[in-house]
Amino acid sequence: MSRYLPGADPSATEPRPRPDAWIAERYGDESAPAAVVPPLRWALPICAAHLRDRQPAMHRLDPAVRVAALARVARSWMDSVDPLRQEALERVPAEAGLSPESIAWGLDRAFEVLTADALREWGPPPVDPVALSGHVWAGNVITAGLPPVIGSLLAGVPALIKAPGDLPAFAELFAQSLAQHAPELGDCLGAAAWSRDDAAATDALLSSVDRLYVFGNDASIDALRQRAEVPVAGFGHRLSVAVVGEDATDDELTGLLVDSLAWDGGGCLTPTWAFVLGDADAVGRRLAALAPSVSASLPPVPGDLAGGAARANLLGVAGALGFAASGAGWAVVAMPALNLVEVPPRTVCLLPADLPAVTAAIESLGPVLQGVATAGTADLTPVRGRLDALGLSLVAPAGRLQTPPLDWNHDGVDVLGVLQR
Amino acid sequence: MGRRGRRAGGFVSVEASDRLHEDVQAAIVGSDVLTPWPDAQFDELAGRLVAHQASCAPLRRFWAGRGLDADAVPGWRSIPPVPTDVWKHVDLFAFDSSQAVSTLLTSGTTVGTRGRHLLRRTDTYDVSLQPPLDAFLLPGGEPLPILVLGAPLAADPVSSLGHMLQWAVDLRGGPGSEHLWDGGPDLARAEARLRGADGPVVLLATARALAALLDGLDGPIALPPGSRVMETGGFKGGPEQERAAFHARVAPALGLPAAAVVAEYGMTELGSQGWGPGWAMAHDPALRERWGVLGDDPDRFVFPPWCRVAAVDPDTLVPLPDGQRGLLAFWDLANIDSCLAVQTADVGVVTPHGVLLEGRAPGARPRGCSLAVDEILQATR
């Protein structure tokens, strides 16, 4: 059992209302053993009711109290000796198929932006917020779903997280960390993991919350939107790219490698392709020289046969037609032409381009483009013009693409605004 | 990505290619298919092949990028294998395409693009396939009726498997040999031929065709003793099915002992094939003594001595020592005018007693929130 559901589970914080209906169904009386854990379809509504009850008190808190509490939680996650972080680094890598170093890097990047200043500056909170928000997380970029949860708590709205069935640890531990490090907020966060196949549990969540933030592919978001009777804010799968001038510095190219190897190249802020303005082969050779140390700091899980096979294939094609280099857990390829090829994990794929070609590529990717990393001194005015027209909100220097600001509103979602009643 | 040709010119002479064909054929014919070649013999021919094949510009570029000097190959393990996907995008042959006498195409069932393997001569291909086929499938040498549950070469001239099966019928088949084909596997005729067999027969089929045959059988068949079945191809793109479980279904359905179901491993990109040694071991105590240490695992394949195999580390793509699990790569001296070193996405372990095949690399690891290219194209269409 990997969940943290205040009000519903014996392991969660006091007081614990008895789940009378479930007990009656299971035992026929009220003599259930104290340690019994109810199934999710019962526990989620119980927890939701409990969190709802807490909302008025949480919302009445001075906003500065909520800011200080959340900043304290963030600091705990960056504290290398914090037991919950340590437990996360023990449990999450196996669940996520990522190395402990990659998870540690992801935690640091997610929580380093969660400062008291950033929380204070994060837009006006809703005046009359709803009572409970729901959050559906997806994928192994475990921290991707954090900002709406933080936004909800910042606004004084308790939250309930559904984590993927095979990735339960981080959501549960994060909920525990709120209880441990921000007791002044009271019970304000529940978390549980279940498979999408558990329709009863999902229905219990959907019928218990006032707003729903959903991460996942567009089909999953649409499916939940049709089932939910509450407003749904969706964050679909996206991709990012980089635009690299051939005069990019070594620091910038190191940043590009970090952006590319983080989350093993599976994040929506991973630059899938890097458009090179100039000599892509030369940039590839420089990246190849820098890659071993970056890969060592963000190592892969050894023995990824599927990733290795995919990398070998792209390395082969690029090696026959362009430039290819690889080492332990990394690859750099420079393709001979601007073809949007499938890029395997932990691979920097350079595509030669000029500004009009980059602009056209970005134009074509517009509907699914999440962010753009830049490196070098090339005048990107025409590209930026297209990005502005697309409403793209994240253009970052290489190395910072994977660390968006806390108040980054993307996918057309105003995270705090959604919570207004 | 479109197919990219090699730059014009730069090929070694036809005479030099012919010399390689003749030398490799002589080495094959002059050796025992069950006895490993000395490293020096293998490396000498491999080095000559690399020097020849490096006249193909993409291949030269690939090898140079991986640090190989085509004129000074220190040993076969130092020759970087070319992934099978590359064959789908790049022409890999060291001769002018107008000299090709045969074009073999990969199945291309998964990505929609078919790789092609052009042959300037087919005789080395034939010389290479013969000894292992004889040793592992037809060790007795008697000309048995060979029944092929597949298309004759004339109906599918681009199939490397079709080429091999046609060769078997033409040069090893006894009276009554035939392709059981009628625009597709002729299952009814196959069942009739098998039920009516009054002496041992050899059935050659892909696993998928064989499964279709079994699905449609009107009860078990008792094939005469000495009969055997060659199964190849796995279940690409179809439902997952363990080879061991499949063989365990085939044998009783056809009234055969387990050893009579012989697996074959081949691909368009390779001139040589691997064979399950079970039938050979059952008929030669010396071979059972030699290979029996691994039992009768139907996923074990033995390759001829002119085709070496290594598992490569998926993280570094460097060949691993025998006994370690990785992605299988082949160094096949029967590939004279194309590329001798081929990297696959098959997972396995190489041992002194054969290659233990686990199947294709497992599916992708847990996904993040990024889009795959096909999703991108769909979303932006």
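The following dialogue discusses how to read domains, packing and contacts in a predicted model.

Visitor: How many helices and strands are there in chain A?

Guide: The model is predicted, and in it chain A holds 15 helices and 13 strands. Its radius of gyration is 23 Å, close to the 22 Å that the globule rule gives for 421 residues, so chain A is as compact as a globular protein of that length. Along the principal axes, the C-alpha atoms of chain A fill a box of roughly 75 × 45 × 40 Å.

Visitor: What percentage of the residues in chain A is buried?

Guide: Burial is judged by counting neighbours: 20 or more other C-beta atoms within 10 Å make a residue buried. In chain A, 56% of the 421 residues are buried. Contacts can also be sorted by separation in sequence. Of the contacts in chain A between residues at least 6 apart, 76% join residues at least 24 apart.

Visitor: Which residues does A:V241 touch?

Guide: A:V241 belongs to strand β7 of chain A, residues 239-245. This valine counts as buried because it has 24 C-beta neighbours inside 10 Å. Leaving aside residues up to four places away in sequence, A:V241 touches A:P271, A:T272, A:W273, A:F275 and A:V372. As for A:V276, it is 35 residues from A:V241 in sequence, and their C-alpha atoms are 11 Å apart in space.

Visitor: Where do the domains of chain A begin and end?

Guide: Domain 1 of chain A covers 3-237, and domain 2 covers 239-397. Their centres, taken over C-alpha atoms, are separated by 34 Å. Ten residues of domain 1 of chain A are in contact with eleven residues of domain 2 of chain A. On the domain 1 side of that contact there are three nonpolar, six polar and one charged residues.

Visitor: What is the domain assignment of chain B?

Guide: A domain may be assigned in segments. In chain B, domain 1 is given as 1-101 + 306-361, and domain 2 as 124-304. The two centres in chain B lie 27 Å from each other, taken over C-alpha atoms. Here 24 residues of domain 1 of chain B are in contact with 24 residues of domain 2 of chain B.

Visitor: Which element gives the most to the side of domain 1 of chain B that touches domain 2 of chain B?

Guide: That element is α1(B), with five residues. At least two residues each come from α1 (14-29), β11 (307-312), β12 (325-332), β13 (341-351) and β14 (354-360) of chain B. By class, this side of domain 1 of chain B has 16 nonpolar, seven polar and one charged residues.

Visitor: Why do the buried residues of α2(B) line one face of the helix?

Guide: One begins with the helix itself. Helix α2 of chain B, residues 39-53, has 15 residues and spans 20 Å from its first C-alpha to its last, close to the expected 21 Å. Its buried residues are B:F42, B:L45, B:A46, B:L49, B:V50, B:H52 and B:Q53. Viewed down the axis of α2(B), these buried residues fall within an arc of 160 degrees, so they line one face of the helix. They pack against α1, α3 (57-65), β11 and β12 of chain B.

Visitor: How many residues of chain B are in contact with chain A?

Guide: The size of an interface is often given as the accessible area lost when the parts come together. Residue counts offer another description: 39 residues of chain B are in contact with 46 residues of chain A. On the chain B side, α3, β1 (82-83), α4 (86-89), β13 and α12 (373-380) each supply at least two residues. This side of chain B has 23 nonpolar, eight polar and eight charged residues.

Key. Residues are numbered from 1 along each chain as its sequence is written. Chains are lettered from A and ligands numbered from 1 in the order in which they are written. This is a predicted model: local features need pLDDT of at least 70, side-chain atom pairs count only at pLDDT 80 or more; totals for chains, interfaces and linings use all residues. Domain bounds come from an automatic or database domain assignment. Two residues are in contact if their C-beta atoms, placed from the backbone, lie within 7 Å. Helices (H or I, at least four residues) and strands (E, at least two) are DSSP runs, numbered from the N terminus. Ala, Val, Leu, Ile, Met, Phe, Trp, Tyr, Cys and Pro count as nonpolar, Asp, Glu, Lys and Arg as charged, and the others, Gly among them, as polar. The expected span of a helix is 1.5 Å times one less than its number of residues. A residue is buried if 20 or more other C-beta atoms lie within 10 Å of its own, exposed if 12 or fewer, and partly exposed in between; C-beta atoms are placed from the backbone. The arc is that of the directions from the helix axis to the C-beta atoms. The radius of gyration is taken over C-alpha atoms; the globule rule is 2.2 Å times the number of residues to the power 0.38.
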